[in-house]
Amino acid sequence: MATMMYWEALQRAHDEELARDPLVIVMGEDIGVAGGTYKATKGLYDKYGPERIMDTPISENGFTGLGIGASFIGIRPIIELMSVNFAWLAMDQIFNSAAKVRYMSGGQLTAPVVIRSPGGTAHQLGAQHSARMEKVFMGVAGLRVVTPSNARQAYGLLKSAVRCDDPVFIYEHELMYNMKSDVPDGEYFHPLEGSEIARAGRDITLFGYNISVHWCLQAAEILAAQHGIDCEVVDLFSLSPLDRAGIKASVSKTHRALIAEEAEAAVGVGSEVMAIINEECFFELDAAPVRVSAKNVPIPYNHTLEKAAVPSSKDIVHAVLKMLDHSQHPTSRDTSTSLHVGKS
Amino acid sequence: MKPADKKRVLREMLFARRFEERCYEAYVERKIGGFLHLYPGQEACAQGVMEAARPGHDYVITGYRDHIHAIKCGADPKAVMAELYGKETGSSKGRGGSMHIFDVEHHMMGGYALVGGPFPLAAGIAKGLKMKGSDAISICFLGDAANNQGTFHETMNMAKLWNLPVLFVCENNLYGIGTRIDRSTAVIEQYKRVSGYGIPAAQVDGQDVEIVYDAAKIAVDHVRSGKGPYFLELMTYRYRGHSMSDSNAYRAKDEERMWSKRDPIILLRDRLIKAGTITLDDYKTMDTEILDQIENQIIKFAEDSPEPVVTELEKYVLAENDPYVHPHSSRGTH
Ligand SMILES: Cc1ncc(C[n+]2csc(CCOP(=O)(O)OP(=O)(O)O)c2C)c(N)n1
Ligand SMILES: [Mg+2]
């Protein structure tokens with residue numbers, strides 16, 4: 001196991017796939033000579049040349065469409081959209097071409113394209129550079145959406161996405177490129193579907209994905225140390241499809257659920273997970289599930305307002321304490337006085 | 001340009017330079033956050049065009065490199081700096097930041113962060129002006145690399161189709177972040193790209209404010225007289241990196257040196273000294289006054305201004321008390 005940064009893991013995955021398959025190409029703004037805004041393609045231009053490492057004009061819909069078209073005849077493009085905010089411009093091609101072509105052609109054609117892009121709120125980047133668009137991508141049939149929360153996933157998900165015959169959108173995070181974690185030394189393919197238990201626990205499940213996994217883990221530490229509450233943290237690295245079985249299994253164990261998301265609540269990951277809980281294991285619940293999400297505002301520039309707009313581990317701690325207090329109420333099915341006891 | 005105007009123009013360009021340099025410092029001091037795109041090197045572009053236009057009357061829209069354009073429209077530099085500090089007194093009340101300077105009272109219709117986004121907005125403003133029978137025109141300042149967006153082509157077609165009063169100013173600084181124009185763009189000379197849409201165009205030296213002014217005068221007159229859109233390409237150069245997070249490593253030192261010899265401020269200064277309009281001492285005094293104004297008025301204002309309050313986080317998301325939200329209830333205000 002080597003410890004590496006998220007961007008280094010991405011760079012390694014690119015490099016290995018480029019070396020293996022001459023049909024793999026990389027496209028995007030400033031990804032070649034400049035090595036990528038977040039260094040995910042560092043050094044690749046010198047190694048593989050301009051035919052395969054393509055610096056594109058600022059024409060998101062155009063070059064995304066071009067990459068999708070190339071994928072129709074077997075090229076394996078990895079397209080970097082510099083920031084997910086710019087993905088809005090490429091939506092037509094992503095949704096109308098990549099996501100639908102297999103279906104529309106009765107399975108004759110497919111778009112095995114990988115689109116990577118960082119989203120999220122970083123440090124005061126303002127309303128037009130702080131998009132959280134996971135909810136948009138996961139709402140459309142025909143597109144896989146995965147989102148790595150650490151370097152191992154970043155590496156393994158990209159490797160699998162390149163090999164997969166479906167279009168895969170990889171939702172990264174502006175603040176996570178320098179985050180370090182262990183990555184296997186040998187080649188490693190992360191599953192494109194499922195979820196991971198990032199921390200096992202008994203009292204409540206905290207669902208997170210991407211950066212919110214880290215908020216959940218921090219909250220879990222605080223809740224364990226200061227309140228004796230044992231949280232399970234589930235990492236939803238696949239947002240489309242969501243892991244129904246994994247969600248059901250964890251909620252059936254802890255009987256309580258909280259979903260932490262960086263985006264506004266409406267039509268989001270949280271509402272989708274709640275719907276799945278409703279459909280799969282409603283009668284396992286000891287309390288109504290809650291969402292911890294962003295305020296319903298475009299992200300402000302001002303530092304203090306920005307912080308207030310986006311949730312944090314503190315908000316998760318508060319929400320968990322509130323839920324557990326409430327579920328101790330005599331009307332609750334949980335008659336125990338101990339927070340540690342699950343279903344009786 | 002009259003001699004008295006030239007002196008003022010020199011002063012305003014020097015102010016623009018010093019203002020941006022002070023922003024740089026404030027960013028390093030962490031008083032300004034987020035993305036910060038500075039204007040040094042390009043001053044003659046906004047200055048020359050706005051000299052030919054009617055600031056505060058004509059409508060201006062641009063990208064993220066927008067502080068100076070706003071000030072040229074008549075925005076108070078104190079409010080612009082306060083915006084960069086994220087303060088409640090900022091031009092966008094601290095909500096927008098560097099890339100989103102708005103001053104609608106002075107017809108500064110904003111800075112936008114998405115490359116190419118302002119093209120159709122500018123045409124839309126022009127459409128509105130035409131419908132209203134206004135003699136104001138719409139002016140869209142954007143970079144060279146923005147012309148590779150689909151919105152560029154779509155907007156050029158519509159602007160000519162409907163003969164809209166819009167002036168497109170392309171500040172061609174040869175780079176889109178780290179990518180030089182010949183690596184991103186098939187036709188290097190941007191003004192040629194609109195000929196397919198039947199839009200008249202010109203390309204001039206963007207470092208000489210008098211040349212910019214003369215070319216802009218023709219362009220503005222064309223648009224204001226109802227003849228439809230015009231495209232003006234200004235050849236220029238930015239001295240600093242694309243934004244504060246860009247080290248500029250991709251540019252040849254020779255190229256940078258060559259352009260610094262054609263500095264728009266020095267060019268005009270030396271010309272005015274030679275003509276006897278000003279002395280070098282006049283210029284130095286001017287500079288001292290500007291630095292003093294920036295430090296003791298503008299920065300001070302930004303520093304002393306209050307932060308927005310968190311209870312107002314959700315203000316400005318939607319209209320307040322719009323009567324048609326509940327048209328049949330007594331909650332409406334009509
Ligand atoms: C739609 C979109 N794509 C990419 C970016 C990232 N980006 C910001 S500025 C820029 C370069 C623009 O260059 P140019 O239009 O020449 O303007 P300049 O910065 O040189 O003034 C890029 C690629 C963006 N902001 N928006
Ligand atoms: Mg440029």
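Below are short exercises on a predicted model, each with a worked solution.

The model is predicted, so local features need pLDDT of at least 70, side-chain atom pairs count only at pLDDT 80 or more, and totals for chains, interfaces and linings use all residues. Residues are numbered from 1 along each chain as its sequence is written, chains are lettered from A and ligands numbered from 1 in the order in which they are written, and side-chain values use heavy atoms, with hydrogens and water left out.

**Exercise 1. The domains of chain A**

Task: Find the domains of chain A and state how many residues of each are in contact.

Solution:
- Step 1. Take the bounds, which come from an automatic or database domain assignment. Chain A has domain 1 (2-183) and domain 2 (196-341).
- Step 2. Take the centres over C-alpha atoms. They lie 29 Å apart.
- Step 3. Look for contacts, meaning heavy atoms within 4.5 Å. On the domain 1 side of chain A, 30 residues take part, and they meet 31 residues of domain 2 of chain A.

**Exercise 2. The nonpolar cores**

Task: Describe the largest nonpolar core and place Phe19(B) and His67(B).

Solution:
- Step 1. Fix the terms. A nonpolar core is a set of buried Ala, Val, Leu, Ile, Met, Phe, Trp, Tyr and Cys residues joined through side-chain atoms within 4.5 Å. Buried means under 20% relative accessible area, exposed over 50%, partly exposed in between (1.4 Å probe, protein chains only).
- Step 2. Count. The largest core holds 63 residues. Phe19(B), Val49(B), Met81(B), Ile139(B), Leu167(B) and Leu232(B) have the most contacts inside it.
- Step 3. Find the main contributor. Helix α1 (residues 3-28) of chain B gives the largest share of this core, nine residues. Helices (H or I, at least four residues) and strands (E, at least two) are DSSP runs, numbered from the N terminus.
- Step 4. Check for another core. A second, separate one has 61 residues, including Val114(A), Val168(A), Leu223(A) and Ala309(A).
- Step 5. Zoom in on Phe19(B). Beyond four places in sequence, its contacts include His67(B), Ile71(B), Met81(B) and Ile298(B).
- Step 6. Move to His67(B), in helix α3 (residues 67-73) of chain B. His67(B) counts as buried because its relative accessibility is 0%. Among its contacts beyond four places in sequence are Phe19(B), Cys23(B), Leu84(B) and Ser98(B). The C-alpha atoms of His67(B) and Ser98(B) are 7.2 Å apart, with their positions 31 residues apart along the chain.

In soluble globular proteins, nonpolar side chains tend to be buried together.

**Exercise 3. Empty space**

Task: Give the volume and lining classes of the largest cavity and of the second largest pocket.

Solution:
- Step 1. Define the spaces. On a 1 Å grid over the protein atoms alone, a cavity is a set of points where a 1.4 Å probe fits but cannot get out; a pocket is an open set with protein on both sides within 12 Å along at least five of seven lines; lining residues have an atom within 4 Å of a point. Grid points are joined across faces, edges and corners, and a volume is the space filled by probe spheres set on the points.
- Step 2. Search the whole structure. Three cavities of 30 Å³ or more turn up. The largest cavity has a volume of about 40 Å³.
- Step 3. Read its lining. Residues from both chains appear, among them Gln124(A), Tyr301(A), Phe35(B) and His100(B).
- Step 4. Sort by class: Ala, Val, Leu, Ile, Met, Phe, Trp, Tyr, Cys and Pro are nonpolar, Asp, Glu, Lys and Arg charged, and the others, Gly among them, polar. The cavity lining has four nonpolar, seven polar and no charged residues.
- Step 5. Turn to the second largest pocket, with a volume of about 470 Å³. Of its 19 lining residues, Ala127(A), Ser92(B), Arg95(B), Gly96(B) and Tyr316(B) are the closest to its centre. Its lining has ten nonpolar, six polar and three charged residues.

**Exercise 4. Backbone exceptions**

Task: Locate Gln124(A), His107(B) and Pro241(A).

Solution:
- Step 1. Recall the rule. Most residues other than glycine have a negative phi, and most peptide bonds are trans.
- Step 2. Take Gln124(A). Its phi is positive, near 60°. Gln124(A) sits in the loop between β5 (114-119) and α7 (134-137) of chain A. It is buried, at 14% relative accessibility.
- Step 3. Take His107(B). Its phi is also positive, about 60°. His107(B) sits in the loop between α4 (77-84) and β2 (108-111) of chain B.
- Step 4. Take Pro241(A). The peptide bond from Ser240(A) to Pro241(A) is cis, with omega near 0°. Pro241(A) lies in the loop between β12 (238-240) and α10 (244-254) of chain A.
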